[in-house]
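This report goes through selected features of the structure shown below, beginning with its aromatic pairs.

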Amino acid sequence: MAEDATNFSINDILHYLFLNHDLEFAYENYVFYIANALNGFVLLDVQHDGDCVEVSDYYKHPIKFIQFAKINEKSIKDLFIEESDNITILGVY
């Protein structure tokens, strides 16, 4: 019996992840943390000593976050699409 396949867009997947979890990932020589706090989202650069530096504005809506938060001039959405082979998910919390 064949199962019905459901197609999800990258927006759907990232939206689900960010609404329900924090996400830590490595890209190039950096570690980033997407924090879902106080009903909004912010991108943090995790420093070698464990401190975090905000590298994006605070966005209340996940779609705006993945469109406007940027790493190397690429939106989070474009980064996850275009650079997926260079991104390592370190944790989903």
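## Aromatic pairs

In this predicted model, the count of aromatic pairs comes to seven. Y30 and F32 make up one of them: their ring centres are 6.1 Å apart and their planes stand at 40°, so the pair is tilted. A tilted pair is one whose angle is neither under 30 degrees nor over 60. The two partners are not enclosed to an equal degree, since Y30 is partly exposed at a relative accessible area of 43%, whereas F32 is buried at 5%. Y30 and F32 also belong to one aromatic cluster together with F25 and F80.

Y33 and Y93 form a pair with another geometry: the centres are 6.0 Å apart and the planes lie at 25°, so this pair is stacked. Y33 is part of strand β2 (residues 30-37) and Y93 is in the segment after β7 (87-92), so the pair ties together parts that are 60 residues apart in sequence. With a relative accessibility of 19%, Y33 counts as buried; the cut-off is under 20%. A pair of rings is described by two quantities, the distance of the centres and the angle of the planes.

## Strand β1 and its pairing with β7

How many of the five residues of strand β1 (residues 23-27) are buried? Five of the five are, so β1 is largely enclosed by the rest of the structure. The side chains of L23, F25 and Y27 point one way from the strand, while those of E24 and A26 point the other way. Residues on both sides are buried. In a regular strand, side chains alternate between the two faces of the sheet.

Strand β1 pairs with β7 in the antiparallel sense, and the pairing runs over five bridges. In one of these, L23 has V92 of β7 as its bridge partner. F25, which points the same way from β1 as L23 and Y27, is a member of the aromatic cluster that includes Y30, F32 and F80.

## Salt bridges around K74

The structure holds two salt bridges. In one, the side chains of K74 and E82 meet at 3.3 Å, taken from N to O. In the other, K74 is joined to E83, with the closest N and O atoms 2.8 Å apart. Because the bridges share partners, K74, E82 and E83 are joined into one network. K74 is partly exposed, with a relative accessible area of 23%, and E83 is buried, with 15%.

E83 sits in the loop between α3 (76-82) and β7. Leaving aside neighbours within four places in sequence, E83 is in contact with Y27, K74 and D78. Of these contacts, Y27 is a buried residue of β1, and K74 is the salt-bridge partner already described.

## The loop between β5 and β6

Which residues of this loop have a positive phi without being glycine? N72 has a phi near 50°, and E73 has a phi near 70°. N72 lies in the loop between β5 and β6 (74-75), and E73 is found there too. E73 is exposed, with a relative accessible area of 69%.

## V53 in strand β4

V53 belongs to strand β4 (residues 52-54). Its relative accessibility is 40%, and V53 therefore counts as partly exposed. Not counting residues up to four places away in sequence, V53 touches L43, L44, D45 and Q47.

V53 and L23 are 30 residues apart along the chain, and their C-alpha atoms are separated by 15 Å. L23 is one of the buried residues of β1.

## Confidence of the model

The protein chain has an average pLDDT of 83, and 91% of the residues score at least 70. Among the elements of the chain, helix α1 (residues 10-20) has the lowest mean pLDDT, at 73. The highest mean, 93, belongs to strand β5 (residues 70-71). Where pLDDT is low, the predicted coordinates should not be read in detail.

Technical notes:
Residues numbered from 1 in each chain as written. Predicted model: local features only at pLDDT ≥ 70, side-chain atom pairs only at ≥ 80, totals over all residues. Heavy atoms only, no water. Phe/Tyr/Trp six-rings, centres within 6.5 Å; stacked < 30°, edge-to-face > 60°. Buried < 20%, exposed > 50% of the residue type's maximum accessible area, 1.4 Å probe, protein only. Helix = DSSP H or I, 4+ residues; strand = E, 2+ residues; numbered from the N terminus. pLDDT = per-residue confidence, 0-100. Contact = heavy atoms within 4.5 Å. Salt bridge = Lys/Arg side-chain N within 4 Å of Asp/Glu carboxyl O. Pairing = 2+ DSSP bridges.
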